[in-house]
Amino acid sequence: MAKMEQLRNISNRIDILERCRRRYLNKHLSSTGLKGHQFLMLLMILHEPGISQEELSRRIDIDKTRIARSSIFLEESGYIERRRDTADRRKYHLYLTAKGEELIPVIRSTTADFGRIITAGMSDEQIGVLEEMIAVMLTNARNNDEQERI
């Protein structure tokens, strides 16, 4: 019984932590007009220029429709450019614009600040162990999700 309660607590706390992260980013980056996953989208596009909307959806685990809507918003806001795939006209590839690139240091700084806040009082070793444990949990969750889709 204690283990089930611990597992429930872990899941709940991860969920609460994500909501806290989202509120923090939304508050500290409100001047950009962006929200939630749109910050993560820009960072992913920075690291993989030309990434397709579909691949972006898979990587950050957000449904394709939401990614498509956000991509249109980011393009209209001048942060990204969407280019149609020459072989598949339904597919778009995403690229940062100069305006989008200017926003990256602000996003990185804000996310780093949040990281420092949530790991305050933890040693480097504890942070490393936590990172490894979360990676295992994420792999397990994704593997389960893939098995359920089959």
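Guide: Buried means under 20% relative accessible area, exposed means over 50%, and partly exposed covers what is in between. Keep those limits in mind for this predicted model.

Visitor: Which residues of H1 are called buried?

Guide: Tyr 24, Leu 25 and Asn 26. They pack against H2 and H5.

Visitor: What span does H1 reach, and what is expected?

Guide: H1 has 27 residues. Its first and last C-alpha atoms are 38 Å apart. The expected span, at 1.5 Å a residue, is 39 Å, so the two values are close.

Visitor: Why are Arg 22 and Glu 18 called a salt bridge?

Guide: The cut-off is 4 Å between a side-chain nitrogen of Lys or Arg and a carboxyl oxygen of Asp or Glu. Arg 22 and Glu 18 meet at 3.4 Å, N to O, so the pair qualifies. Side chains of opposite charge can pair when their charged atoms come close.

Visitor: What separates Arg 22 and Glu 18 along helix H1?

Guide: About one helical turn, because they are 4 residues apart in helix H1. Arg 22 has 36% relative accessibility, so it counts as partly exposed. Glu 18, at 28%, is partly exposed too.

Visitor: What makes Glu 54 and Lys 64 a salt bridge?

Guide: Their closest N and O atoms are 3.7 Å apart, so they fall within the 4 Å limit. This pair links distant parts of the chain, with Glu 54 in helix H3 and Lys 64 in helix H4, 10 residues apart.

Visitor: Why is Lys 64 called exposed?

Guide: Lys 64 has 52% relative accessibility, so it passes the 50% mark. Glu 54, at 48%, counts as partly exposed.

Visitor: What links Arg 58 and Glu 55?

Guide: A salt bridge at 2.6 Å, N to O. Arg 58 and Glu 55 are 3 residues apart in helix H3, so about one helical turn separates them. Arg 58 is exposed at 53%. Glu 55, at 22%, is over the limit for buried, so it counts as partly exposed. Shared partners join Glu 48, Glu 55, Arg 58 and Arg 59 into one network of salt bridges.

Visitor: How many salt bridges does the rule give?

Guide: The count comes to 11.

Visitor: What makes a set of residues a nonpolar core, and which residues have the most contacts inside the largest one?

Guide: Members must be buried nonpolar residues joined through side-chain atoms within 4.5 Å. The largest core has 22 residues, and Leu 42, Leu 56 and Ile 80 have the most contacts inside it. H2, H3, H4, E3 and H5 each give two or more residues. H2 supplies the largest share, 6 residues. Beyond its neighbours within four places in sequence, Leu 56 is in contact with Met 41, Met 44, Ile 45, Ile 51, Ile 67 and Leu 94.

Visitor: Why can Leu 130 belong to a nonpolar surface patch?

Guide: Patch residues need over 30% relative accessible area. Leu 130 has 32%, so it passes that limit and counts as partly exposed. Leu 130 lies in helix H6. The patch, about 770 Å², also includes Met 4, Leu 7 and Met 137. H1 and H6 each supply at least two of its residues. The largest share, 5 residues, comes from H6.

Visitor: How many helices and strands does the protein chain have, and what percentage of its residues count as buried?

Guide: The chain has 6 helices and 3 strands. Of its 150 residues, 28% count as buried.

Technical notes:
Residues are numbered from 1 along each chain as its sequence is written. This is a predicted model: local features need pLDDT of at least 70, side-chain atom pairs count only at pLDDT 80 or more; totals for chains, interfaces and linings use all residues. Side-chain values use heavy atoms; hydrogens and water are left out. Patches are made of residues with over 30% relative accessible area and no salt bridge: like charges are joined within 9 Å, nonpolar side chains (Val, Leu, Ile, Met, Phe, Trp, Tyr) within 5 Å. Accessible areas come from the Shrake-Rupley method with a 1.4 Å probe; for residues, only the protein chains shown count as cover. Buried means under 20% relative accessible area, exposed over 50%, partly exposed in between (1.4 Å probe, protein chains only). Contact means heavy atoms within 4.5 Å.
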